[in-house]
There are 2 protein chains.
Amino acid sequence: MTDIKNIEWIAVDWGTSNLRVWAMQGAQVLAQAQSGDGMGGLTRDGFGPALTALIADWNVGPATPIIACGMVGSRQGWVEAPYRAVPCAPLDAQLITVPDTSLNVRVIPGLRQDTPADVMRGEETQIAGFLALNPGWDGVICLPGTHAKWVQISAGEVVSFQTFMSGELFALLSGHSVLRHSVQSGDGDQAAFDEAVSDTISRPEKLAARLFSIRASDLLQATAPATARARLSGLLIGAELAAARPYWLGQNIALIGTPEHSRNYASALAAQGVPATITDAERMTLAGLTAAYRHSKDAT
Amino acid sequence: MTDIKNIEWIAVDWGTSNLRVWAMQGAQVLAQAQSGDGMGGLTRDGFGPALTALIADWNVGPATPIIACGMVGSRQGWVEAPYRAVPCAPLDAQLITVPDTSLNVRVIPGLRQDTPADVMRGEETQIAGFLALNPGWDGVICLPGTHAKWVQISAGEVVSFQTFMSGELFALLSGHSVLRHSVQSGDGDQAAFDEAVSDTISRPEKLAARLFSIRASDLLQATAPATARARLSGLLIGAELAAARPYWLGQNIALIGTPEHSRNYASALAAQGVPATITDAERMTLAGLTAAYRHSKDAT
């Protein structure tokens, strides 16, 4: 058994594909662990054993607070944590307790927007972390990823948001479409990326027209895979930026995502003359979970 | 053994997923057969056995002409039939003979366009069939499908063309993305389809913004699957029409596709005030293979 003393609480980021946990003392990380036991692969009675196995080495008692965010709170998750409607603060003191478990687990609810219909689960925690670290910040937060979110923040509240499937489209097109033959991994081709972003940000209808040309260029001109891959990424991000223009035009932008995602989005925004602050996604998640833990302590 | 007399030649449509054959006497079909032995599932030495097995019941000798179109002529096919460059007639007398087989098989080459880069294999045969049945026809032919083609025809030649991945995108999004939960099969919702086409044809950037809202509308408002499915189809076809506008605006349009595809495209075009002639895809394929057979006879 790993000898970790003074565990005050456990932070949990439980998404569709992965489960990550941190043993915490206040805002300080004592230890961390992760597994592939994401929500997508579990039935309701599988969540308890998956979490127990991952933290078995830690000294966690039945009263140790465990705060979780992400798809663990969806209808197919461990407990359904009903969405809170925007406009609202990204977090409040109301967490949803998981019933019928020997652990003391509470789940952070996601957010909903009724018109246009949209939802998030997990990003609200990263947003709360960002606002905890940057009190009084107003502007737009972009969270690139499988389902990228653009989120308008004002006076500590999420005012509105919009989700784009660009990340999932990239995964499907690069892994499962006819383009997979042409976009194998490779170092980024910045010029090809920039040109593709410029193409679809100014004329978004070109997305539909340009996708197959990635394959045809490979067949007829043997385009380098790194160039084809950068072009696909650029076309999709450019189309997203064209649609998200009301979110970023003239705004103060913060990016929360993986280093690669954030670099691509920052580069595409910079080409439009829009500076963006890049932040560390894991740090925002932990800061948000910490804020939720503190809220919940204050409330009890 | 099925007793089929007077087989003059064999017509073969060999795509990525399917193999279809017809026993022919001139332009008359004597018998037909099909299997799932598409190009995508075969190595080079698998083509001969797959075809032989499918026509085993027919009285086909080593000299019987067999004319094939489609992906069978690709680099990963039975023999590589190099693309012919547009502008050119969809067919000429030059067919590519399959070597090292006891059958007399010739393959119709596909077409290439160098700028913008594009390719087709199989559609040139359907176009040739349409032109054989409609001599002197000028206008634009749209061939919906996995990789939809828009093709400008003038004086019997293919002048230019453009490929759209809308069909493959629909298959990926409806079968493999987060939207799969929301767009199960259902009867068409024409109003939802029309509205979605109108959305993206006038503002194509909305494609990126509207995809995830199909999922969110289901979660928050329990949208009917048939409505969600029609919306996804309409968004993709509308975005394609926005990009293909130079092809159809003020043009004479013919559609070659499955009845469902053709109906959707015709409906979307009609909403733009553009009438389109719907044709039967299999009939066009057979007419094109027949034209290729006659060309090849004339050439020998």
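Tutor: Before we start, a quick term: a residue is called buried when its relative accessible area is under 20%. And keep in mind that this is a predicted model.

Student: Got it. So what is the relative accessible area of B:Cys69?

Tutor: B:Cys69 has a value of 0%, so that residue counts as buried.

Student: Which cysteine sulfur is nearest to that of B:Cys69?

Tutor: The sulfur of B:Cys88, 16 Å away, and B:Cys69 is in no disulfide. A disulfide needs two cysteine sulfurs within 2.5 Å, so a pair 16 Å apart doesn't qualify.

Student: How many disulfides are there over all chains?

Tutor: Zero. In chain A, A:Cys88 is in none either, with the sulfur of A:Cys69 the nearest at 16 Å. A:Cys88 is buried too, at 8% relative accessible area.

Student: Okay, new topic: the interface. How many residues of chain B are in contact with chain A?

Tutor: There are 39, and they touch 39 residues of chain A. The buried area is about 3200 Å², with carbon and sulfur atoms giving 73% of that.

Student: Which three residues of chain B supply more of its buried area than any other three?

Tutor: B:Met165, B:Phe212 and B:Leu220, which together supply 21% of what chain B buries against chain A.

Student: And how many salt bridges cross over?

Tutor: The rule finds zero salt bridges, but five residue pairs are in polar contact.

Student: Nice. Which element of chain B gives the most to that side?

Tutor: That's α5(B), with eleven residues. By type, the side of chain B touching chain A has 22 nonpolar, nine polar and eight charged residues.

Methods:
Residues numbered from 1 in each chain as written. Chains lettered and ligands numbered in written order. Predicted model: local features only at pLDDT ≥ 70, side-chain atom pairs only at ≥ 80, totals over all residues. Heavy atoms only, no water. Contact = heavy atoms within 4.5 Å. Buried area = accessible area lost by both parts, 1.4 Å probe. Salt bridge = Lys/Arg side-chain N within 4 Å of Asp/Glu carboxyl O. Polar contact = N/O pair within 3.5 Å; in protein donor to acceptor, adjacent residues only side chain to side chain. Helix = DSSP H or I, 4+ residues; strand = E, 2+ residues; numbered from the N terminus. Nonpolar A, V, L, I, M, F, W, Y, C, P; charged D, E, K, R; others polar. Buried < 20%, exposed > 50% of the residue type's maximum accessible area, 1.4 Å probe, protein only.
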